[in-house]
Amino acid sequence: MRSNDWLRHRNRGFHVTIRDVDCRDFDVPRFIGDLASMHATFFSFFVGGYVTTYPTALVYQRQSPYLGGRDLAGEIVEAAHAVDIKVLGMIDLGQVTEEAAHDHPDWCTQDAEGRPVARVPGLYASCPMGGYQRDYVREILAEILGRYDLDTVKFGGGSFGFSRSVCYCPNCRRSFYDLTGYDLPSGPDWADPLWRTYTGWRLDQARRRVVELGDIVHSIDPNRAFMGNSVCFGDPHWTVGAAIDVESQAEVADAVQVEIQTRARYEEVASDIRTAGRASWQYLSWPAETARFMTGVSDTPTWVVASYFLAWPWRRSAMAPAEQKVYLAQVAANGADPMVNLSGGPPAVHEDPRGFDAIRDLYGFLATHQAYYEGDASGANVAIVYSMETLFFYGQDDPDGRYVREIRGIEQALHEAHIPFDIVSTRTLLQKGPDGVLARYRVLVLPSLACMSEDEASVLRSYVAGGGSLVVTFETSLYDSAGVRREDFLLADCLGTHYRGETRSSMASPEEGYKQVYMSIEHPHPILVGTTGAAVLPMGGPVAVVDVAPDVDVPLRLSAPFVVFPEGFSYPTIPAGGEPLAIVKEHRGGGRSVHFTGALGALSWTVPYPDLRDLISNAVRWAACDVLPLRVDGPASLQVSLRTQPGRYLVHLINLTGGERFYRELVPLHDVMVTLPLETEVDIDRAFLLSDGCALPVTRGAAGWQVTVPWLVDYDVLVLTKA
């Protein structure tokens, strides 16, 4: 019997994209030696699919022309197992060869005229509904698993996800018609119920493909582990465009690989070669976000894979080493396993090897202190709740702007306030209920969780009735699960707010000119801590216009907008509407609620003004009655994660103080004060950092057990325990 117990341990890995040219003179002993020197416990590599690294007998597998009859895959597996490194064989079913497309056009994604969609010269996009991914894969797997003792079979994301355009192949046409009685839609139209139905159909079919792939693997070898490569909401255009549901993957797979590849995407402006290029940046805390989400919604082992390179498009230039280490450290600090994608072949042939020392340093630290990562759990009592339905059916053609930015604004506010938090999903709420996973949380944060079902609302009402607290923003619960707007918030009774039928810009209409608008502070309240002396706070973005119940407090209201220029006319000339912007309520069961009627998360993400982020973190503190499991006095650029093991607390400290991306170096932090409340399960009298093991003084003050971390360069773990 094959044992997959190793998956349940904390691991350190690589993915190696073996290109055609690498097969010409691939140095297997050097490759395995390099991985071992960097403390890897596993790696994945291309075995089959559009790059096949063994002498296949299958006509529709594209064998590398440089292979020359060599069994490279067999050499790699044998050498890795000789030094006890686990091997994942990756099969990418996302593309088919020209020969396969010619012989079996129904295997391909097709345009409206029935033509196979080309990816690059010689390769065509396969369709998840076609025979290549559903039937021919059996022959591929039978051949590979019949030859090689792979520890896990891994499928690329194209092996079960759709192309971003509508596929008009006969299989898709027939399946959709059998479900709905209608032909496939011509393109995105979120006002058309048929497009919403099509979106749900794609999600359902992609989920089924993952199950089918697992069934095929297990039909050949019941004990062989399988997994897929995916992404979560942090890359919404891939998630929505390919109809990827990573939670459903985690329910059926033995492990899940989730990508956090992009740092920035640089593009030239094709219309004018004299115009400088532009770059869109990815969230620096994306690794923490992904690890927190995956460990919050599933117990399935999660490997979070980051690019070694400067993506995109420069896949041959290494990520700046200082940033690479703290980027990957976030994964380990939040309960998942870090993995590095080597797109340019094995380490020995990389044109820029400067990043490998940073990986060796971090992976060596993780290997040395493995015991402090095994079986750890989150110590947070605050959770952000994510909704896949909101991402798809509310986010629509702009899921990042309409939803993800709202989540990330909340995340960043909590990061900067050093409030530990998890990320769970509405699916988690339904599976676990208010007496399950929710029982550990004092506060749930719902960042514009617009699409909500009756069942989800019922769980949240029970949670509040039992003493739980809510912090919600904007149009939370205003839409049903299909994205159809209701007349009122489904959680109106919990929030004390009722939708008045209008969502509008806080700054008035664009044709009225460039204007400014504010949140008017009506009176002091704990959510306004730090604003003493100010009468207003900056405001922008959309606002849901509401009426409020008589038993609530409204400390913030909307001022009247007025022009910015000319400055001599820059003052209000119309009365303020006074629409409520912050509504706070105390519930009989001891819980509290805060409703920000604007998109405060997205505003604080776009304009990182400290007062906006403090407003969010203050609301969470007030909702929690200031009962939080950790307090850290340090700069906002210090990222903190609280993990627990029996008998000890682990405070992961990640220094993101670099001054700029990409980091040349990190600015060391000093004298970071860490406080655990006295109500901990362990009487703390011993503290030390994993980096040196030296004892740090522990004092007991009114606020709790206090330890000062004298110095932090990049990443370390403070251990608090009883001697």
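## Exercises on a predicted model

Phe 14 touches Leu 35, Met 38, Ala 40, Phe 42, Phe 43, Ser 44, Met 339, Val 340, Leu 342, Ile 359 and Tyr 363, leaving aside residues up to four places away in sequence. Keep this residue in mind as you work through this predicted model.

**Exercise 1.** Find which residues have the most contacts inside the largest nonpolar core.

*Solution.* Start with the core itself, which has 208 residues. Those with the most contacts inside it are Phe 14, Phe 43, Phe 155, Leu 444, Leu 446 and Tyr 715. Next, look at where the core's residues come from: helix 6 (residues 193–220) gives the largest share, 10 residues. Finally, look for a second, separate core; this one has 23 residues, including Leu 676 and Trp 705. As background, nonpolar side chains in soluble globular proteins tend to be buried together.

**Exercise 2.** Decide how helix 10 and helix 11 are oriented relative to each other.

*Solution.* First locate the pair: helix 10 spans residues 321–333, and helix 11 spans residues 356–368. Their axes are 8 Å apart, at an angle of about 30°. Angles under 35 degrees count as roughly parallel, so helix 10 is roughly parallel to helix 11. The crossing is right-handed. Among the residues making the contact are Leu 328 and Ala 332 of helix 10, together with Ile 359 and Leu 362 of helix 11. Ile 359 is also one of the residues that Phe 14 touches.

**Exercise 3.** Is Gln 330 buried or exposed?

*Solution.* Begin with its place, in helix 10. Its relative accessibility is 0%. Buried means under 20%, so Gln 330 counts as buried. Then look at its surroundings: the residues it touches include Trp 286, Pro 287, Gln 639 and Leu 656.

**Exercise 4.** Work out which strands form the edges of the sheet with the order 16-30-31-36-33.

*Solution.* This is an open sheet of 5 strands with antiparallel pairing. Strand 16 (377–378) and strand 33 (686–689) each pair on one side only, and these are the edge strands. Now follow strand 33 to its partner: 4 bridges join it to strand 36 (residues 715–721). Across this pair, Phe 688 stands opposite Val 719.

**Exercise 5.** What is notable about the backbone at Asp 84 and at Pro 313?

*Solution.* Most residues other than glycine have a negative phi, and most peptide bonds are trans. Asp 84 has a positive phi, near 60°. This residue lies in the loop between helix 2 and strand 3 and is exposed, at 59% relative accessible area. For Pro 313, check the bond from Trp 312: it is cis, with omega near 5°.

Methods
Residues are numbered from 1 along each chain as its sequence is written. This is a predicted model: local features need pLDDT of at least 70, side-chain atom pairs count only at pLDDT 80 or more; totals for chains, interfaces and linings use all residues. Side-chain values use heavy atoms; hydrogens and water are left out. Two strands pair if DSSP finds at least two bridges between them. Helices (H or I, at least four residues) and strands (E, at least two) are DSSP runs, numbered from the N terminus. Buried means under 20% relative accessible area, exposed over 50%, partly exposed in between (1.4 Å probe, protein chains only). Contact means heavy atoms within 4.5 Å. A nonpolar core is a set of buried Ala, Val, Leu, Ile, Met, Phe, Trp, Tyr and Cys residues joined through side-chain atoms within 4.5 Å. Axes are lines fitted to C-alpha atoms, for helices over the stretch in contact, and angles run from 0 to 180 degrees between N-to-C directions. Angles under 35 degrees count as roughly parallel, over 145 as roughly antiparallel, 65 to 115 as roughly perpendicular and the rest as oblique. A crossing is left-handed if the near helix is turned anticlockwise from the far one by less than a right angle, and right-handed if clockwise.
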